[in-house]
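I sat down with this model for a first look and kept short notes as I went. Here is what I looked up.

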Amino acid sequence: MDSSLSGQAFYGANGLAGLASEARYAILACMDRCVLCPRRCNVDRAAGERGACGVGMWPVVARAALHHWEEPCISGARGSGAIFFAGCALGCVYCQNYPISAANFGREVSPARLRAIMGELVLQGAHNINLVTPGHFVDAVLLALEEPLPVPVVWNSSGYELPEAIFRLRGAVQVFLPDWKYALPGPAKLYSNAADYPARVVDAIEAMIKVAGSPAFDRHGLMTGGVLVRHLVLPGHLDNSRAVIDGFAARFKGRAMFSLMGQYAPIAAAAKYPLIARKLARCEYLRVAEYLYNCGIDEGYVQDAGADDLAFTPPFDLTGVEEG
């Protein structure tokens, strides 16, 4: 391991106490009427009120560990340093991370502890720090990242974000890994109560590209900059997948990469919705993959058969969250 990663030199001149104090001041200032995401709940999260994301002002983390199941340019050989945050403003009924996204399982941590977790993952050999669903904690994340890390930071999100929030990440985040779940308002409304998602995600991805630039890689093929857009194919909704691909081809082809995912499994509340109350058929995924190829999108990834295995979802058991 590079000797520059030894020790605990991951903090600014003010140290942990200074960071924690600064964090409290900044977060209190922005949380009294929270408008961090397109829901614009206007609730006082600093006073304990809860909006669509379901969490308060301090980050809640369910797991922090090396993760080997992202795209190869993210996971690499040693793994991505994934930090899974609780809460989510989008609230998809089929979310595979339901225990943390909706049930909000996790442990509250300070920005100082969040920074320490990042440092611990770097020391374990993480190729990057992978922030999973971090948007509702953007201020705490920015405070934790005041001093640069020796590895890239990945913003792994639902895509349901505001451009003004994305622009604040300039200089702190190098790689964006957004979902593009829907291009049609019907399924966006039905499964995520967000008919505005198709327009919001396009604006968010455009902002991400402005912040991170074109895809860039190191000599090992690991992503060091740029945007990799993900789309999960939903059973019975191939029209939505084709519309997502059309939108990507028209707006972002050559400016970002595309990952077509087939790992859908009918968990959480999906059983209540007939079209998605089953696994994705392999033939459905292959039809969408063929459409992707025919659109000339060749910079990115498709998944092998068997990717619907829930082994891709890690246990949310507070691994790496608590000190000691």
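**Entry 1: around strand S9**

I began with Val229, and found Phe258 of S9 standing opposite Val229. This is a predicted model, so I keep that in mind for everything below. The strands S8 and S9 run parallel and are joined by 5 bridges. I then followed the chain: S8, helix H9 (residues 238–251) and S9 together form a β-α-β unit, and the unit is right-handed.

On to the other neighbour. Phe258 also stands opposite Gly300, which belongs to S10. S9 and S10 pair over 3 bridges, again in the parallel sense. Here the chain leaves S9, passes through H10 and arrives at S10, in a right-handed β-α-β crossover.

Is S9 covered or open? I noted it as mostly covered, with 5 of its 5 residues buried. Next I checked which way the side chains go. Met257, Ser259 and Met261 point one way from S9, while Phe258 and Leu260 point the other way. That fits a rule I had jotted down: side chains in a regular strand alternate between the two faces of the sheet.

**Entry 2: the largest pocket**

I looked up the largest pocket and wrote down a volume of about 1000 Å³. There are 48 residues in its lining, and Gln96, Asn97, Arg230, Met261 and Gln263 are the closest to its centre. I had already met Met261 as one of the buried residues of S9.

Which elements supply at least two residues each to this lining? My list reads strand S2 (80–85), helix H3 (98–101), strand S5 (153–157), strand S8 (223–232), strand S9 (257–261) and strand S10 (300–302). I sorted the lining by class as well, and got 26 nonpolar, 16 polar and 6 charged residues.

**Entry 3: the cavities**

I searched for cavities of 30 Å³ or more and got 2. The largest cavity has a volume of about 280 Å³. Its lining has 29 residues, and Cys37, Ala89, Gly135, His136 and Tyr160 lie nearest the centre. S5 and helix H6 (163–167) are the elements that give two or more residues to this lining. I recorded its classes too: 19 nonpolar, 6 polar and 4 charged.

The second largest cavity holds about 30 Å³ of space. What lines it? I found Tyr94, Lys181, Leu232 and Leu234. By class that lining is 3 nonpolar, no polar and 1 charged.

**Entry 4: aromatic pairs**

Tyr94 from that cavity lining made me look at rings. I searched the whole structure and came away with 10 aromatic pairs. One of them is Tyr94 with Tyr264: the ring centres are 5.9 Å apart and the planes lie at 65°, which is over the 60-degree cut-off, so I call the pair edge-to-face. This pair links distant parts of the chain, since Tyr94 sits in the loop between S2 and H3 and Tyr264 in the loop between S9 and helix H10 (282–294), 170 residues apart. I checked both, and Tyr94 and Tyr264 are each buried. Ring pairs also tie Tyr94, Tyr191, Tyr264 and Tyr273 into a cluster.

**Entry 5: two positive phi angles**

Most residues other than glycine have a negative phi. I therefore wrote down two that go against this.

Thr133 has a phi near 55°, a positive value in a non-glycine residue. I placed Thr133 in the loop between strand S4 (129–132) and helix H5 (138–144). Is Thr133 buried or partly exposed? Its relative accessibility is 22%, and buried would need under 20%, so Thr133 counts as partly exposed.

Leu318 has a phi near 70°, which is positive too. I found Leu318 in the segment after S10. Its relative accessibility is 14%, so Leu318 counts as buried.

**Entry 6: Glu147**

My last lookup was Glu147, which lies in the loop between H5 and S5. Glu147 has a relative accessible area of 37%, so I noted it as partly exposed. I also checked Glu147 against Arg115: the two are 32 residues apart along the chain, and their C-alpha atoms are separated by 9.5 Å.

How values were computed: Residues are numbered from 1 along each chain as its sequence is written. This is a predicted model: local features need pLDDT of at least 70, side-chain atom pairs count only at pLDDT 80 or more; totals for chains, interfaces and linings use all residues. Side-chain values use heavy atoms; hydrogens and water are left out. On a 1 Å grid over the protein atoms alone, a cavity is a set of points where a 1.4 Å probe fits but cannot get out, and a pocket is an open set with protein on both sides within 12 Å along at least five of seven lines; lining residues have an atom within 4 Å of a point. Grid points are joined across faces, edges and corners, and a volume is the space filled by probe spheres set on the points. Helices (H or I, at least four residues) and strands (E, at least two) are DSSP runs, numbered from the N terminus. Ala, Val, Leu, Ile, Met, Phe, Trp, Tyr, Cys and Pro count as nonpolar, Asp, Glu, Lys and Arg as charged, and the others, Gly among them, as polar. Rings of Phe, Tyr and Trp (its six-membered ring) pair if their centres lie within 6.5 Å; planes under 30 degrees apart count as stacked, over 60 as edge-to-face and the rest as tilted. Buried means under 20% relative accessible area, exposed over 50%, partly exposed in between (1.4 Å probe, protein chains only). Two strands pair if DSSP finds at least two bridges between them. A crossover is right-handed if, with the strands pointing away from the viewer, the path from the first strand over the helix to the second runs clockwise.
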